[in-house]
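Thanks for coming. I will go through one model today, starting with strand pairing and then the packing.

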Amino acid sequence: MKFLDLPPLQRLNAFLKSVDVGDYILQGDLEAYSCKLAGLDKKLSKSLDQEVQTGSSPLELSASPVGPLAESSSRKTLIYLILTLNHIYPDYDFSLLRAHHFQKEDTISKAEEAIDSHLLEVSKVWAKTPGLGESPFLECLWSSIDEAICLKECDVYCYKSDQETDPFGEQASMWSFNYFFYNRKMKRILYLSCRAISKQAADEEATESSSKYDRYNSDTDGDDESDRYGMASGMDV
(Lines give C-alpha, C1' and ligand atoms only; values in the text may rest on other atoms or scores of the structure.)
Protein backbone atom coordinates (compact mmCIF):
# COMPACT_ATOMS: atom_id res chain seq x y z
CA MET A 1 0.00 0.00 0.00
CA LYS A 2 1.33 3.41 -0.92
CA PHE A 3 0.15 6.63 0.70
CA LEU A 4 -1.17 9.06 -1.90
CA ASP A 5 -0.52 12.70 -1.10
CA LEU A 6 -3.56 14.13 -2.90
CA PRO A 7 -4.01 17.93 -2.86
CA PRO A 8 -7.83 17.79 -2.44
CA LEU A 9 -7.39 15.96 0.87
CA GLN A 10 -4.43 17.80 2.40
CA ARG A 11 -6.24 20.76 3.96
CA LEU A 12 -9.13 18.64 5.23
CA ASN A 13 -6.84 16.03 6.77
CA ALA A 14 -4.82 18.73 8.54
CA PHE A 15 -8.01 20.30 9.91
CA LEU A 16 -9.45 17.00 11.14
CA LYS A 17 -6.34 16.00 13.11
CA SER A 18 -7.60 17.93 16.13
CA VAL A 19 -10.80 19.97 16.32
CA ASP A 20 -12.00 21.55 19.58
CA VAL A 21 -15.77 21.18 19.37
CA GLY A 22 -16.47 22.39 22.91
CA ASP A 23 -17.47 19.32 24.89
CA TYR A 24 -14.93 17.11 23.17
CA ILE A 25 -11.92 17.02 20.88
CA LEU A 26 -12.44 15.43 17.50
CA GLN A 27 -9.50 13.51 16.03
CA GLY A 28 -9.78 12.44 12.42
CA ASP A 29 -7.94 10.90 9.50
CA LEU A 30 -8.63 11.36 5.81
CA GLU A 31 -6.08 9.49 3.71
CA ALA A 32 -5.89 7.67 0.39
CA TYR A 33 -3.77 4.66 -0.52
CA SER A 34 -2.87 2.83 -3.69
CA CYS A 35 -3.58 -0.91 -3.53
CA LYS A 36 -0.31 -1.74 -5.27
CA LEU A 37 1.62 -4.00 -2.91
CA ALA A 38 5.37 -4.26 -2.39
CA GLY A 39 7.89 -5.31 0.24
CA LEU A 40 6.43 -6.23 3.64
CA ASP A 41 2.87 -5.58 2.45
CA LYS A 42 3.28 -8.13 -0.31
CA LYS A 43 4.70 -10.70 2.10
CA LEU A 44 1.93 -10.13 4.65
CA SER A 45 -0.67 -10.27 1.89
CA LYS A 46 0.43 -13.76 0.87
CA SER A 47 0.34 -15.08 4.43
CA LEU A 48 -3.06 -13.49 5.10
CA ASP A 49 -4.44 -14.97 1.88
CA GLN A 50 -3.42 -18.45 2.96
CA GLU A 51 -4.76 -17.97 6.50
CA VAL A 52 -8.12 -16.71 5.25
CA GLN A 53 -8.49 -19.60 2.82
CA THR A 54 -7.68 -22.28 5.38
CA GLY A 55 -9.29 -20.64 8.42
CA SER A 56 -12.64 -19.55 7.00
CA SER A 57 -15.83 -21.50 7.61
CA PRO A 58 -17.82 -22.98 4.70
CA LEU A 59 -20.36 -20.19 5.20
CA GLU A 60 -17.70 -17.46 4.94
CA LEU A 61 -16.25 -19.10 1.85
CA SER A 62 -19.63 -18.73 0.18
CA ALA A 63 -20.67 -15.36 1.65
CA SER A 64 -19.09 -12.67 3.85
CA PRO A 65 -19.24 -8.86 4.24
CA VAL A 66 -16.46 -8.54 1.62
CA GLY A 67 -17.85 -11.24 -0.66
CA PRO A 68 -17.31 -15.01 -0.94
CA LEU A 69 -13.88 -15.73 0.55
CA ALA A 70 -13.48 -18.63 -1.87
CA GLU A 71 -12.93 -15.92 -4.49
CA SER A 72 -9.55 -14.24 -4.79
CA SER A 73 -11.09 -10.79 -5.36
CA SER A 74 -12.96 -10.96 -2.04
CA ARG A 75 -9.85 -12.01 -0.14
CA LYS A 76 -7.94 -9.14 -1.74
CA THR A 77 -10.58 -6.69 -0.55
CA LEU A 78 -10.26 -7.96 3.01
CA ILE A 79 -6.47 -7.79 2.86
CA TYR A 80 -6.53 -4.22 1.53
CA LEU A 81 -8.78 -3.15 4.42
CA ILE A 82 -6.44 -4.75 6.95
CA LEU A 83 -3.30 -3.27 5.39
CA THR A 84 -4.87 0.19 5.29
CA LEU A 85 -5.50 0.07 9.04
CA ASN A 86 -1.94 -1.16 9.65
CA HIS A 87 -0.53 1.80 7.72
CA ILE A 88 -2.68 4.44 9.40
CA TYR A 89 -2.23 3.08 12.93
CA PRO A 90 1.32 1.64 13.02
CA ASP A 91 1.19 1.23 16.81
CA TYR A 92 -1.48 -1.44 16.39
CA ASP A 93 -1.55 -4.78 14.59
CA PHE A 94 -4.72 -5.56 12.64
CA SER A 95 -3.44 -8.71 10.94
CA LEU A 96 -5.78 -10.92 13.01
CA LEU A 97 -8.91 -9.20 11.72
CA ARG A 98 -11.20 -11.21 9.50
CA ALA A 99 -14.20 -10.53 7.29
CA HIS A 100 -16.72 -10.48 10.15
CA HIS A 101 -14.93 -7.46 11.63
CA PHE A 102 -16.10 -5.39 8.65
CA GLN A 103 -19.46 -4.39 7.27
CA LYS A 104 -20.38 -3.38 3.74
CA GLU A 105 -22.73 -0.43 3.49
CA ASP A 106 -25.81 -0.95 1.32
CA THR A 107 -25.41 2.45 -0.32
CA ILE A 108 -22.97 5.32 -0.32
CA SER A 109 -25.77 7.67 0.79
CA LYS A 110 -26.19 5.66 4.01
CA ALA A 111 -22.52 6.27 4.87
CA GLU A 112 -22.84 9.93 3.93
CA GLU A 113 -25.82 10.42 6.25
CA ALA A 114 -24.02 8.81 9.19
CA ILE A 115 -20.87 10.88 8.62
CA ASP A 116 -22.79 14.13 8.16
CA SER A 117 -24.74 13.66 11.39
CA HIS A 118 -21.53 13.14 13.39
CA LEU A 119 -19.76 16.13 11.86
CA LEU A 120 -22.40 18.84 12.23
CA GLU A 121 -20.60 20.49 15.16
CA VAL A 122 -17.28 20.23 13.32
CA SER A 123 -18.87 22.12 10.42
CA LYS A 124 -19.51 25.07 12.74
CA VAL A 125 -15.85 25.19 13.79
CA TRP A 126 -14.76 25.05 10.13
CA ALA A 127 -17.05 27.98 9.29
CA LYS A 128 -15.46 30.12 12.03
CA THR A 129 -11.86 29.25 11.11
CA PRO A 130 -10.12 31.99 9.06
CA GLY A 131 -9.13 30.81 5.61
CA LEU A 132 -11.34 27.71 5.72
CA GLY A 133 -14.95 28.78 5.92
CA GLU A 134 -15.38 30.11 2.40
CA SER A 135 -17.21 26.87 1.50
CA PRO A 136 -19.43 24.74 3.80
CA PHE A 137 -17.42 21.97 5.43
CA LEU A 138 -19.55 19.00 4.37
CA GLU A 139 -19.78 20.28 0.82
CA CYS A 140 -15.99 20.66 0.71
CA LEU A 141 -15.49 17.23 2.30
CA TRP A 142 -17.62 15.29 -0.16
CA SER A 143 -16.44 17.14 -3.26
CA SER A 144 -12.81 16.48 -2.24
CA ILE A 145 -13.51 12.81 -1.52
CA ASP A 146 -15.29 12.45 -4.86
CA GLU A 147 -12.37 14.07 -6.67
CA ALA A 148 -9.93 11.70 -4.97
CA ILE A 149 -11.82 8.40 -5.30
CA CYS A 150 -14.89 8.84 -7.61
CA LEU A 151 -17.64 7.94 -5.16
CA LYS A 152 -20.10 6.46 -7.65
CA GLU A 153 -17.58 3.70 -8.45
CA CYS A 154 -16.88 2.81 -4.82
CA ASP A 155 -17.86 0.04 -2.47
CA VAL A 156 -18.06 1.32 1.11
CA TYR A 157 -17.00 -0.66 4.16
CA CYS A 158 -16.71 0.14 7.83
CA TYR A 159 -14.70 -1.49 10.59
CA LYS A 160 -16.69 -2.50 13.65
CA SER A 161 -14.32 -2.48 16.60
CA ASP A 162 -15.09 -5.11 19.23
CA GLN A 163 -11.85 -4.96 21.17
CA GLU A 164 -9.90 -2.60 23.39
CA THR A 165 -6.66 -3.13 21.51
CA ASP A 166 -7.26 -0.55 18.80
CA PRO A 167 -7.66 3.24 18.83
CA PHE A 168 -11.47 2.98 18.61
CA GLY A 169 -11.91 0.85 21.72
CA GLU A 170 -10.09 3.19 24.10
CA GLN A 171 -12.12 4.34 27.09
CA ALA A 172 -11.53 8.00 26.25
CA SER A 173 -13.51 7.64 23.01
CA MET A 174 -17.06 8.96 23.30
CA TRP A 175 -17.92 7.81 19.77
CA SER A 176 -16.12 6.94 16.60
CA PHE A 177 -16.68 5.95 12.99
CA ASN A 178 -14.48 4.77 10.16
CA TYR A 179 -15.23 4.15 6.50
CA PHE A 180 -13.27 2.72 3.60
CA PHE A 181 -14.19 3.88 0.10
CA TYR A 182 -12.78 1.23 -2.23
CA ASN A 183 -12.55 1.88 -5.97
CA ARG A 184 -11.59 -1.37 -7.69
CA LYS A 185 -11.04 0.29 -11.07
CA MET A 186 -8.63 2.84 -9.65
CA LYS A 187 -7.12 0.25 -7.28
CA ARG A 188 -7.38 2.82 -4.53
CA ILE A 189 -8.81 3.07 -1.01
CA LEU A 190 -9.79 6.29 0.72
CA TYR A 191 -10.12 6.05 4.50
CA LEU A 192 -12.14 8.46 6.63
CA SER A 193 -12.23 8.09 10.39
CA CYS A 194 -13.18 10.34 13.29
CA ARG A 195 -13.46 9.83 17.02
CA ALA A 196 -14.58 12.13 19.80
CA ILE A 197 -12.34 12.31 22.85
CA SER A 198 -13.74 13.79 26.04
CA LYS A 199 -11.90 16.92 27.08
CA GLN A 200 -11.32 15.54 30.55
CA ALA A 201 -9.63 12.46 29.11
CA ALA A 202 -7.60 14.60 26.72
CA ASP A 203 -6.44 16.85 29.59
CA GLU A 204 -5.54 13.83 31.73
CA GLU A 205 -3.56 12.35 28.86
CA ALA A 206 -1.69 15.62 28.35
CA THR A 207 -0.95 15.87 32.11
CA GLU A 208 0.30 12.28 32.18
CA SER A 209 2.57 12.89 29.19
CA SER A 210 3.91 16.06 30.83
CA SER A 211 4.60 14.19 34.10
CA LYS A 212 6.45 11.44 32.25
CA TYR A 213 8.53 14.07 30.46
CA ASP A 214 9.36 15.83 33.74
CA ARG A 215 10.33 12.53 35.41
CA TYR A 216 12.53 11.63 32.47
CA ASN A 217 14.34 14.96 32.58
CA SER A 218 14.76 14.66 36.35
CA ASP A 219 16.24 11.19 36.01
CA THR A 220 18.52 12.34 33.22
CA ASP A 221 19.74 15.31 35.25
CA GLY A 222 20.48 13.00 38.17
CA ASP A 223 22.48 10.70 35.95
CA ASP A 224 24.49 13.65 34.67
CA GLU A 225 25.24 14.77 38.22
CA SER A 226 26.37 11.26 39.19
CA ASP A 227 28.56 11.10 36.12
CA ARG A 228 30.18 14.41 36.97
CA TYR A 229 30.79 13.47 40.60
CA GLY A 230 32.05 10.06 39.52
CA MET A 231 34.54 11.65 37.16
CA ALA A 232 35.65 14.07 39.85
CA SER A 233 36.17 11.27 42.36
CA GLY A 234 38.21 9.36 39.86
CA MET A 235 40.35 12.39 39.17
CA ASP A 236 40.83 13.05 42.87
CA VAL A 237 42.04 9.51 43.40
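One definition before the pairs: two strands count as paired if DSSP finds at least two bridges between them. Keep in mind that this is a predicted model.

Take strand 3, residues 24–34. Strand 7, at 188–198, runs antiparallel to strand 3, and 11 bridges join the two. In that pairing, I25 stands opposite I197 of strand 7. I25 is also the bridge partner of D20. That second pair belongs to strand 2, residues 19–20, which is antiparallel to strand 3 and joined to it by two bridges. Three residues lie between strand 2 and strand 3 in this hairpin, and G22 there has a positive phi near 120 degrees. Strand 1, residues 2–4, pairs with strand 3 as well, antiparallel over three bridges. There, K2 is opposite S34.

How many of the residues of strand 3 are buried? The count is 10 of 11, so with buried meaning under 20% relative accessible area, the strand is mostly covered.

Now the packing. The largest nonpolar core has 38 residues, and L119, F137, L141 and F181 have the most contacts inside it. Elements that each supply at least two of its residues include strand 3, strand 7, helix 1 (7–16) and helix 7 (137–149). Helix 7 gives the largest share, eight residues. Beyond its neighbours within four places in sequence, F137 contacts L12, F15, L16, L119, V122, S123 and W126. Apart from this core lies another one, of 27 residues, with L83, I88, F94 and F168 among them.

Conventions. Residues are numbered from 1 along each chain as its sequence is written. This is a predicted model: local features need pLDDT of at least 70, side-chain atom pairs count only at pLDDT 80 or more; totals for chains, interfaces and linings use all residues. Side-chain values use heavy atoms; hydrogens and water are left out. A nonpolar core is a set of buried Ala, Val, Leu, Ile, Met, Phe, Trp, Tyr and Cys residues joined through side-chain atoms within 4.5 Å. Buried means under 20% relative accessible area, exposed over 50%, partly exposed in between (1.4 Å probe, protein chains only). Helices (H or I, at least four residues) and strands (E, at least two) are DSSP runs, numbered from the N terminus. Contact means heavy atoms within 4.5 Å.
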